[in-house]
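Colleague: I'd like to learn how to read a fold like this one. Could you walk me through it?

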Amino acid sequence: MMTEEEGTGYIEILVECPFCAAYVPDDFECLKCGHEIFESVGDDSVKYVCSSCGMEVEFDQLECPNCGSSFE
Ligand SMILES: [Zn+2]
Ligand SMILES: [Zn+2]
């Protein structure tokens, strides 16, 4: 049985899909609509979220203000 260490997480980078406007992980393909996402998305179309709770955070934030996970 695996127990995740409590209180640790990471900052997940999401990009705005230019086709459906959903924020999805920075893969080459949109999770929602299946279109390929090229690297042409601007900085304004990127957001950072807590991997534990999904709260939007700053890219240099050390811990989540919502759930307290630390980003190491
Ligand atoms: Zn999409
Ligand atoms: Zn959180």
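Modeller: Sure. Two strands pair if DSSP finds at least two bridges between them. Keep in mind that this is a predicted model. Here, four strands make an open sheet in the order S3-S2-S4-S5, and the pairing is antiparallel.

Colleague: Which are the edge strands?

Modeller: Strand S3 (23-25) and strand S5 (56-57), each of which pairs on one side only.

Colleague: And how many bridges join S2 to S4?

Modeller: Five bridges, linking residues 11-16 of S2 to residues 46-50 of S4, and the two run antiparallel. For a landmark, look at Ile13, which stands opposite Tyr48 in S4.

Colleague: What about the chain as a whole: how many helices and how many strands?

Modeller: Zero helices and six strands, so along the sequence you read β-β-β-β-β-β. Of the 72 residues, 11% are buried. As for contacts between residues at least 6 apart in sequence, 32% of them join residues at least 24 apart.

Colleague: Now a single residue. Is Asp26 buried or exposed?

Modeller: Count C-beta neighbours: a residue is exposed if 12 or fewer lie within 10 Å. Asp26 has 12 inside 10 Å, so Asp26 counts as exposed. You'll find Asp26 in the loop between S3 and S4.

Colleague: Which residues does Asp26 touch, leaving out those up to four places away in sequence?

Modeller: Ile13 and Val15. Ile13 is the residue we just saw opposite Tyr48. You can also check Asp26 against Phe38: they sit twelve residues apart in sequence, with 9.8 Å between their C-alpha atoms.

Key. Residues numbered from 1 in each chain as written. Chains lettered and ligands numbered in written order. Predicted model: local features only at pLDDT ≥ 70, side-chain atom pairs only at ≥ 80, totals over all residues. Buried ≥ 20, exposed ≤ 12 C-beta atoms within 10 Å, placed from the backbone. Contact = placed C-beta atoms within 7 Å.
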